Amino acid sequence: MITPQIADIWVYLSARPLLWLTLTLVAYQGGYAIYRHFGFHPLLNPVALAIVALVGTLALSGTPYQTYFDGAQFVHFLLGPATVALAVPLYAQFDKLRALLVPLGGALVVGSVTAIVSVLGIGWALGVADATLLSLAPKSVTTPIAMGIAEKIGGIPSLTAVLVILTGISGAVMAKYVLDALGIADHSVRGFAVGIAAHGIGTARAFQVSEQAGAFSGLAMGLNGAATALLAPALLALWRVL
Amino acid sequence: MIGALTTLLGYQLAGEIVVHLLALPVPGPVVGMVLLFLSLWARGSAPEPLRDTASGMLQHFSLLFVPAGVGVMVHLQRVSGEVWPILVAVLASTALAIAVSALAMQWLIRMRHAAHGDAER
């Protein structure tokens, strides 16, 4: 008689927020433990590991995403206050930031345009459908901002959310190799570049490398959120004309 | 910790209100971040509980992206014919954006150093 009882408990729990909220934290901490065990190796990104584990669990148990999200939304909600919290490391690095105003502004504009135009160009050349292209355009900025932009330019916001996270993971994984290959050693430059291209997931990675890289990455993420909100609609209008 | 959390939520709320009142194209939390930054600047220091809470939150910032990322299961079918082009476009574009931003910033820093050097001579 044990099996039906377990089944009953499963039916009860699987429909409630607690289980999926808990599993989200467990999956992330499991991913993080693996990441830490291998000396924070960029290829073992904890977000990617957690997503794979959770998608596998949901698929095997036949649980719809909406049921999962009813629980996980409490974690999702914290994106807002965490974004506000970026002001604190930003303030701590303020003197360094002020000294670098022109290089930061220049890198922001060039980097933001590169992120938008290159994904549109490459995607278009490879035959990606229009609705997907529009959802890809704001891929380098943090989830809430990117979803807002996608909605405005005619993309699919929830698809954008997924593409944003794919971008963040790619950036966190590749940054070390790209920046090492270019011989860039300065942690403020490394952090800023990662923040422009790979928003919060890149910023999380940067904070694990150093406080300085993290602060510059957080700054870049905030600035590129604003820059992309302004640039993406304008660049798309230009794209359609050409 | 509760005080710091209240501060963060309060600034987010203020950010949302400003965005709606002024019809800004940026999300509320980003404006909240700017407002908090300005407050810290005006105050001249960051209170310790706020620093602790912020650094704790940001250390695991990437956890917060997991719920939206699991949404990939909903979209996998929609984009099933485009998975490879999307992957290539995202990977190449992200690597390019990192490289171009870093090179631009480094170049601008060197230009300025060169200019300062000239001025001193």
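In the predicted model, helix 11 of chain A covers residues 157-181, and its length can be checked against an ideal rise. At 1.5 Å a residue, the 25 residues of this helix should span 36 Å, and the end C-alpha atoms lie 34 Å apart, so the two values agree. Helix 11 of chain A nevertheless bends by about 45°, the bend being located at M174(A). The helix is mostly covered, with 19 of its 25 residues buried. Just after helix 11 of chain A, the backbone at G183(A) adopts a positive phi of about 70°.

The largest nonpolar core consists of 114 residues. The residues with the most contacts inside this core are A85(A), A87(A), I165(A), F192(A) and A193(A), together with I98(B). Helix 11 of chain A gives the most to the core, contributing 14 residues. For I165(A), leaving aside residues up to four places away in sequence, the contacts comprise V47(A) and I201(A) in chain A and F65(B), A68(B) and G69(B) in chain B.

Two residues of chain A other than glycine have positive phi values, F40(A) at about 55° and H199(A) near 35°. F40(A) is located in the loop that connects helix 2 (17-37) and helix 3 (46-61) of chain A. H199(A), by contrast, lies in a helix, namely helix 12 (residues 187-209) of chain A. The surroundings of the two residues were assessed by counting C-beta atoms. F40(A) has 14 C-beta neighbours inside 10 Å and therefore counts as partly exposed, because a residue is classed as buried only from 20 such neighbours upwards and as exposed at 12 or fewer. H199(A) has 33 other C-beta atoms within 10 Å and is therefore buried.

Chain B contains six helices and zero strands, and the order of its elements from the N terminus is α-α-α-α-α-α. The chain is divided into domain 1, residues 1-66, and domain 2, residues 71-121. The centres of domain 1 and domain 2 of chain B, taken over C-alpha atoms, are separated by 26 Å. The radius of gyration of chain B is 21 Å, whereas a compact globule of 121 residues would have a value near 14 Å. The C-alpha trace of chain B spans about 55 × 50 × 30 Å along its principal axes. Of the 121 residues in chain B, 41% are buried. Among contacts in chain B with a separation of 6 or more, 32% are between residues 24 or more positions apart.

The association of the two chains was examined through residue contacts. In total, 65 residues of chain B are in contact with 94 residues of chain A. On the side of chain B that touches chain A, at least two residues are supplied by each of helix 1 (2-22), helix 2 (28-43), helix 3 (48-59), helix 4 (66-70), helix 5 (72-75) and helix 6 (83-120) of chain B. Helix 6 of chain B provides the largest share of this side, amounting to 24 residues.

Methods:
Residues are numbered from 1 along each chain as its sequence is written. Chains are lettered from A and ligands numbered from 1 in the order in which they are written. This is a predicted model: local features need pLDDT of at least 70, side-chain atom pairs count only at pLDDT 80 or more; totals for chains, interfaces and linings use all residues. Helices (H or I, at least four residues) and strands (E, at least two) are DSSP runs, numbered from the N terminus. The expected span of a helix is 1.5 Å times one less than its number of residues. The bend at a residue is the angle between axes fitted to the seven residues ending there and the seven starting there. A nonpolar core is a set of buried Ala, Val, Leu, Ile, Met, Phe, Trp, Tyr and Cys residues joined through C-beta atoms within 7 Å. Two residues are in contact if their C-beta atoms, placed from the backbone, lie within 7 Å. Domain bounds come from an automatic or database domain assignment. The radius of gyration is taken over C-alpha atoms; the globule rule is 2.2 Å times the number of residues to the power 0.38.
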